[in-house]
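New to this one? Take a look at the model below, and then we'll walk through it together, starting from the inside.

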Amino acid sequence: MQFSQIIGHQETKLLLRKSVQQNHVAHAQLFLGQEGSANLALALAYATYINCESKLPDDSCGTCGSCLKMNKLVHPDFNFVMPVTTTKNVSKEALSQKFLTEWRQFILASPYQGFNDWMQHIGAENKQGNISKEESRQLVKLVSLKAFEGDYKIVLIWLPELMHPAAANALLKLLEEPPVKTLFLLVSQSAEKLLATITSRTQIMQVRSFTEEEVVTHLQQKYGADEATAYQIAQLAEGNLSAAAKLTSEISSDYFSFFLDWMRHCYSHKYGEVIEMSDRFQALGRENQKNFLLYALNLFRKVMLYGVDASLISYLPPAELDFVQKFSKVITEGNAGQLAEELNQAHYHIERNANPKMVFVDSSIQMAGYLRGLI
Ligand SMILES: [Zn+2]
């Protein structure tokens with residue numbers, strides 16, 4: 001992974017490169033960010049940069065012997081520890097080392113995936129993985145060996161919050177008495193679940209979630225999504241690139257046009273059209289129905305924000321912006337809460353397997369009343 005492959009995060013990349021260029025690489029660093037953020041990708045790019053044999057000012061070279069190995073995740077001095085469990089292939093003594101092939105496939109497919117994706121990838125079924133006591137013994141053994149090729153031996157620990165307490169204490173001991181030329185890169189989603197004594201010994205790199213614009217760019221570049229669809233997905237993904245990628249394959253219809261028609265019919269009390277739309281809503285299927293309602297809530301939130309202060313809306317495609325501007329005129333302090341609650345309720349009922357057609361028609365009647373100030 002190279003820095004240039006990660007969208008945005010220029011400030012963080014700069015800090016990371018500087019630490020290498022100025023020889024201030026801390027021996028233990030914590031990359032902290034939510035699921036679907038760039039925390040793992042940045043740690044990978046950083047490790048690649050550290051090991052690169054002909055570093056450029058902005059990035060690793062991508063072509064030296066080390067970069068080639070780093071990019072395939074096969075560099076002998078780059079080690080991984082991640083939560084695992086017993087599976088069909090590994091029926092006992094589940095250790096990270098035994099899952100390296102799966103891990104490489106997983107990360108090379110996308111470094112933005114989460115813990116559940118990983119469990120699914122290794123075929124954990126309903127078992128929950130962790131970083132076991134036995135794993136920490138391996139870790140101690142591993143860091144006692146010298147680096148094979150590079151200056152440093154790098155140990156990347158993914159989701160250290162899932163460490164067995166004994167493993168966490170073994171790691172703490174390693175951080176207290178750091179072995180020479182060994183770097184620990186901890187990639188975590190929740191610092192509060194780590195031992196405070198561990199976090200206090202690390203240099204913390206806060207990795208923010210991706211912005212909606214960054215999610216849009218990623219979907220356009222990687223999946224060839226058109227701008228309007230990419231925006232609809234970005235509004236649902238909450239900065240999680242992996243969730244955005246999944247939504248790309250799930251979303252089967254144009255939520256915006258559907259929402260626009262729905263609100264128009266509600267506003268003008270055209271119930272014949274509402275009934276016709278309820279058939280289309282039913283045909284979306286439950287996952288899409290829920291996604292649509294979440295999308296509607298999100299767009300609705302933008303309408304309210306726009307009403308408060310137009311500058312709070314960073315960017316929307318022209319058609320959606322036009323709608324938000326117009327719709328913000330019929331939203332009042334009185335009906336805003338009611339409308340949002342109605343969408344929430346609809347989502348709640350769909351999630352609990354209520355009849356989608358009935359939920360849709362019922363919500364439409366309620367919303368029509370709120371929109372015209374009749375209720
Ligand atoms: Zn290189």
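## Around Ala43

Start with Ala43 in this predicted model. Leaving aside residues up to four places away in sequence, Ala43 touches Phe31, Leu156, Leu185 and Val187.

Ala43 also turns up in the bigger picture of the inside. The largest nonpolar core has 101 residues, and Ala43 is among those with the most contacts inside it, along with Phe31, Leu42, Ala47 and Leu185. Helix H2, which covers residues 39–51, gives this core its largest share, namely ten residues. As a bit of background, nonpolar side chains in soluble globular proteins tend to be buried together.

## Three domains

Now zoom out. The protein chain splits into domain 1 (3–209), domain 2 (210–247) and domain 3 (252–371).

How far apart are the C-alpha centres of domain 1 and domain 2? They lie 26 Å from each other. Where these two domains meet, twelve residues of domain 1 are in contact with twelve residues of domain 2. On the domain 1 side, the touching residues are made up of eight polar, two nonpolar and two charged ones.

## The whole chain

What about the protein chain as a whole? It has 375 residues, and 41% of them are buried. You can count 17 helices and five strands along the chain.

Measured out along the principal axes, the C-alpha atoms fill a box of roughly 75 × 45 × 35 Å. As for contacts between residues at least 6 apart in sequence, 73% of them join residues at least 24 apart.

Conventions
Residues numbered from 1 in each chain as written. Predicted model: local features only at pLDDT ≥ 70, side-chain atom pairs only at ≥ 80, totals over all residues. Core = buried A, V, L, I, M, F, W, Y, C linked by C-beta atoms within 7 Å. Buried ≥ 20, exposed ≤ 12 C-beta atoms within 10 Å, placed from the backbone. Helix = DSSP H or I, 4+ residues; strand = E, 2+ residues; numbered from the N terminus. Contact = placed C-beta atoms within 7 Å. Domains from an automatic or database assignment. Nonpolar A, V, L, I, M, F, W, Y, C, P; charged D, E, K, R; others polar.
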